[in-house]
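Here are my notes after going through the model, point by point. Have the structure open while you read.

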Amino acid sequence: MAADPGPATESGPPTAAGTQGTVGAQRSQPRRRRGPEPATPTEPLPTSGTSDPSGTPGAAGSSSTFDALRSQLFDAAAAFAGGPDALSEILLGIVDDVDRAVAEPLEIFPVCHHSPASAAAMVRRLRAKQPKVVFLELCEDMAPLLTELRNCRLPVAVQSFATELDGFPQAWAPLAVVAPITEASAEYQAVAYALDTPGVELVLVDRSSDHVFQWSGREDEPPAAEPEEETAALHGDAVGVEIGDLRPRFAELEQHLLHHGKVRHWSEWWDQYVEQPLGDAGYDTYRQVMVLIGSLFRRLAPGDVRRTQVDEDRERYMWTRMREHLAATGTDAADCLYVCGAFHAASRVAEFGVAGSSGAFQIPPRTSTKWLHGLIPSSNASIEAQFGLAGGSVSIAAATWAKTVARTGIVPFRLAGQQGGKKSTKKAKPVAPAADSAPVDRLSGFLARPPVLDGLDEAELLGWSVEIVRAARRNGYQASTADAIAVFETSILLAGMRDRARPTPYDFQDAAVTCIEKDAVPGRRDVRRLVEIMMGGDRVGRVGYDALPPLARDVHDRLAPLGMRLEQLGVQRALLDIAGRPGLQKCSDVLWILRRLLPPAAVRPIMGERRLGERPIQESWDVALGTHQRALIELGYEGVSIEQVLEQRLRRQAHAPRATAAGALAAVEDATLYLGSRRLADELGTRALEILAAERSVDDAPEVLRSIRRLLAHYRTTEPVLPAWIEAFVKAGYAHYCTLLPTAFVAEDAGVREVAAMLGFLFGMESLALSLGCDRAQLELAVGQSHPDDPAKTALLWAAQTHLGTLTRAELRSRCADLLANPLVLPSYPRYLSGFVHALEPVPGLADVAVEAVSNAFALLPDTVLLPWLPTLITTLRASGSDLAPLMIREAGRVFPGRLPALDAWVPPWRAEPAQEQRPVRRVGATPGSGSGRLSGAGRLLTAHPQACDALAELFGCDDEWSAGAAEGGVGGVGGAGIGARLIGRYPDTAEALGALLAAR
C-alpha cells in the first residue's frame, strides 16, 4: 500500500488519507521513501453498466470549488512520491468524488452506521432543510414495517424471512435478512422525521431482500462464529444489511491506521479520529469529510470484482428508483434528501445523479419466493457480532450520543409513542429552512488545522473510576480505593501515550483491566465486561404488542390468565393448579405446544408431564418468552396460530424426503397429544404405513416399537375399535419384520438393540396380527432361518427359541453353563449377558434366566478370571442395556433374600428345581393319573367347583353327566377317554389332516 500518509512537506497540508490530520496525526516527520502501489486499479472496474472514469485530475467537470485543494494535493503527491504517479491519481480522484457529490442537485447525506456524529448531523440538517422526500438506503420491501417502530423499544431489527423458496436452492432455506436500528443512528432520525412530519414522504430505494440473495447468494457468507453471550445471537444466521458500512476493505490499510493511531481495533480508531472531530463540525465539513473517507476506502479496496459489481449494481438500483420516483411525482430534487452510506456517496457509476444515464441498467425481476416481514428484538451485542464490531462499541456509541445531545442541546427526533428511553422535555427551536448556496471548500481548512484536543474532564473520569471499583467489588474482586486512584492515573497515562489529552472509554477500559483484573475472574463477568455494562450495557430491544404478528398476539392473549408479563426479559415461574382452576387447562395446552415449537429454554416444564391418556393436575413452568421473542415472532411467519404451525410442521416431518416410519409415528403421537386431531392422526398414520413398507433397514425399530405400543394402549382405552391404519400397520409390520429378521441377525449394521426391538414387535403384536390374518408359521420360519455369529445376537436367538417353545429353559440353562465351563468363551461372556438383557424387551419372562446367568458367573468364576472380566461386564451392560437393567434388578430383588442372616441358608431357585425338565406332550385319551401333579391338581379343582364346566357345557348344548373318573380326581377319567376316542372315530377329518401335515414335514 502507499507509504505513511502524513504531510507532504513541512509547510504543506496533510494528505486526504486522514481526517483532521488524523492519519497524519502521528506527530512524526514525513517519510520520503516511496511505498508499494495500491492493490487495486484506479480505474472503475468493469460492470454491467457504464462507469464514469473520473480517476484523473480535473475530471470533475466545470466545478472550481476544490481547485485549490487539487493543486495542493497534486504538488504534495509529486513531492512525496518523486513525481506524478498512482498516488496523485488517487488523491485527486478523491477530491473529484467529493466535488461531484456536493454538486449533485439531489442532496446526498453520507452516513456511517450507528454513528453518533452522523445522527447529530442528521438532526441539524433535517431541521434546517426540512426536506419533503427522504430517500433512504434500505431494502425497499421493508417500508411497511417502519411505522411499527413506534411500538417497540430500540434496538430492534427489521426482518425479511422466507421458508418456501422458488428460484433459490432449497439448501439455502430459510432465508432471512435483518436491518438493525438503534436510536443513536442517522437512519432512525430520518425515519422518525419522515413518519411524524406531515407532508413528508419516506422512500426506501435499496435492493429488495430477494435481490440480496440473487446478487450475493449464500455461498460467499463466512461461517458464523459462536456468540459468547446469549444476547449476541438474537439475529440468528440472518444476513445483515446496514446503512453506511464504512470500513477499509484493504487489510493492510486498516492495520496501518490502527498501528499509527495507537489503537487496538477499528471501532476505537473511528471514535477517536472521526467521531470526536466531526461531533461539533459544521454540516458542510461533515458532509465533505465523510465523502472523502468513503472515496478513500473505495479507491483503496482490493480487487474483489464480484463485491465491486454488487456495490455498483446497488448504486445503479438506488439512483434508478430515485429518478423513477421524481418522474412519477414531479417532486423537485432540491426538496429531497438522499441518505446513504459514505461509501456509496462516492459512487462513480454512470447512473449517478438525477441527470445520470438511464436505460443501460435494468432492474432484474424478483423470484417467486414468498417473503414475510416483521420486527424482531435486537441488542447491542448482536449488532456487534453481526457486523464484526468491537465488543462494547455500540454501547459506547449510545453513551456518546447521550452526551452529545446534552452538550450541544440538539433535540433529536423521536417517533410518537416510542417505548423506552428518556423522553425529552425540550422543544426544538423553529429554524427557517436553509437557502440553497454554492458549495464551499471546507476540506482544505479541516485537513490543514491540527487536531483540537479536548481538555481532561476529571469529574467524569473520577466518576468512572469510582463506579468500576464499586462494580468490581459487587462481582467478587478485591478492589479498593487505591485501585480507583490507579485506574484514574493509568487512564490519563494511556491517553497520553496515544496522543490524546482526554481519555476515551477505550483508554479507561484498558486501564481498568490493567489495575483490577487479577489471575482469575471470581464471578461471571470480567472487568472488561463490567466496563461495557457501566458505559450503557448490552441494551436489548423489545417488540411491542401492537407490532407483533397475529400468532404472537394470540399467544399473549391465551396466556393472559397466568397474570405474567410475557414481554419481560428473564425467566418467570408459572404455577398452574388445573384441578382447582380448570380454565388453566387451555394455558397448559398452549405451553405444551410452545414447548414443542420453540427452543428448549423458551418454555420449560418444572413439574408435570403430558402423555397419552393422562390428565394433568398441577404443573409448574419456567417461561422466558421475552428473552426468546424472536423465535416466537418467526413462528408468526408460518401461520396465524400455533396449532396451524404445528400441523404444518408435522405434515412436513412425515412427508420429508428422508422421513422414517418412526418419525411419522412420532408425528401421529404429537398430533394426538397436542392437537387432539383424529383426522390428522389418521392421515399421518397412513403415511407411516407407506414409509414402513418401503424401508429396507431396521435402524428405527426401537422407536417404532415404543411408539406403536403407546398408540395401541391409547386407542384401546379411548376408542371402541382400533383405527384402520393401525391395524394395517401391525399387519404390515409383522410381515415386514419377519422378512428382515434373518438378515438382521447376521448384518453388522444391525445392532442387538434393533434386533431385540424387531422381536419385541413380533412377539408383542403377535396376538393382534394373528387375529388380523397373519400366519405364525412365518415367524417360526424366520427364527429357524436365523444363524447369528455375534454372541449378543446368539443369546437373543436362544431367548426367541425359548419363547416359541423350540428350546426349553433347561436346555437354555445348560447352554449358559457350557459357556462358563469353556475358557475360550469367557472373554465374550459379557456380550452373551448383554443379549440376555436385551431379550427382556421381547421376552420379559426370561428375567430369572438373566439373573441366574449373572449369579452363576459370580459364583463359579475364580477371582483371577472374575476381577479382570468385571469392568468389561459393567461397561457392556451400561452401554447396551441400561434401559432394561431395571427389569433384571427387580427380578434379583425378588429372588435374593432381603436380610443378610438369611443369605447363608438361602438356596437359589434354579438349584432347587428338578435337574431335567420334561416338555409338555399332549396325549389323546390320557388317564388322570398319567399327567403331572399340576394337571391332577387342576382336575381336582374343576371337580370341586364344577360350575364353570357346567356353564360351558350348557352353552355348547352338552347334557352328558360327569364321568366316574372325575370323582376320583381326574378330568374325564376312563369314561372321558372313551368319549374322546369315539369323537375322533366319528369325525376323522381333523386327525387325518394333522397326520398328512406331519408326514409332509
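**Notes on the model**

1. I'll start with strand β5. Leu175, Val177, Ala179 and Ile181 point one way from β5, Ala176, Val178 and Pro180 point the other way, and all of them are buried. Bear in mind throughout that this is a predicted model. In a regular strand, side chains alternate between the two faces of the sheet. Here seven of the seven residues of β5 (175-181) are buried, so the strand is largely enclosed by the rest of the structure.

2. What does β5 pair with? Its partner is β4 (residues 156-162), which runs antiparallel to β5 and is joined to it by seven bridges. If you want a register check, Ala162 has Leu175 in β5 as its bridge partner.

3. Leu175 deserves a second look. This residue of β5 has a relative accessible area of 0%, so it is buried. Its C-alpha atom is separated by 9.3 Å from that of Asp210, and the two residues are 35 apart along the chain.

4. Just ahead of β4, have a look at the backbone. The peptide bond between Leu154 and Pro155 is cis, with omega at about 5°. Pro155 sits in the loop between β3 (152-153) and β4.

5. Now the parallel sheet. In what order do its strands run? The order is β1-β8-β2-β6, four strands in an open sheet with parallel pairing. β1 (107-111) and β6 (201-206) are the edge strands, each pairing on one side only. From one strand to the next the twist averages 30°.

6. Within that sheet, β2 (residues 133-139) and β6 pair in the parallel sense over five bridges. Leu136 is the residue that stands opposite Leu204 in β6.

7. Two helices to view against the sheet are α4 and α9. Helix α4 (residues 186-196) lies across β1, β2, β6 and β8 (336-341), and runs at about 135° to β2. Helix α9 (residues 305-329) also lies across β1, β2, β6 and β8, running at about 145° to β6.

8. Is Arg314 buried or exposed? This residue of α9 has 12% relative accessibility, under the 20% cut-off, so it counts as buried. Its side chain makes a polar contact of 2.6 Å with that of Asp206. Leaving aside neighbours within four places in sequence, Arg314 is in contact with Glu137, Asp206, Arg207, Trp215 and His344.

9. Two non-glycine residues with positive phi should go on your list for a backbone check. His114 has a phi of about 55° and lies in the loop between β1 and α3 (116-129). At 8% relative accessibility, His114 counts as buried. Gln130 also has a positive phi of about 55° without being a glycine, and is found in the loop between α3 and β2. With a relative accessible area of 39%, Gln130 is partly exposed.

10. Further along the chain, look at how α22 (residues 661-675) and α23 (residues 678-694) pack: the angle is about 170° and the axes are 8 Å apart. That makes α22 roughly antiparallel to α23, because angles over 145 degrees count as such. Which residues meet in this pairing? From α22 they are Ala661, Ala664, Leu665, Ala667, Val668, Ala671, Thr672 and Leu675, and from α23 they are Leu680, Ala681, Leu684, Gly685, Ala688, Ile691 and Leu692. When you look at the spacing, recall that an α-helix has 3.6 residues a turn, so residues three or four places apart point the same way.

11. Last stop, helix α29 (residues 791-804). Its 14 residues reach 20 Å from first C-alpha to last, close to the 20 Å expected at 1.5 Å a residue. The helix is mostly covered, with 13 of its 14 residues buried.

12. Both ends of α29 are worth a zoom. At the N-terminal end Asp790 acts as the cap, with a side-chain oxygen 3.1 Å from the backbone nitrogen of Ala792. Just after α29 comes Gly805, with a positive phi of about 95°.

Notes. Residues numbered from 1 in each chain as written. Predicted model: local features only at pLDDT ≥ 70, side-chain atom pairs only at ≥ 80, totals over all residues. Heavy atoms only, no water. Pairing = 2+ DSSP bridges. Axes fitted to C-alpha atoms, helices over the stretch in contact; angles between N-to-C directions. Contact = heavy atoms within 4.5 Å. Expected span 1.5 Å × (residues − 1). Buried < 20%, exposed > 50% of the residue type's maximum accessible area, 1.4 Å probe, protein only. Polar contact = N/O pair within 3.5 Å; in protein donor to acceptor, adjacent residues only side chain to side chain. Parallel < 35°, antiparallel > 145°, perpendicular 65-115°, else oblique.
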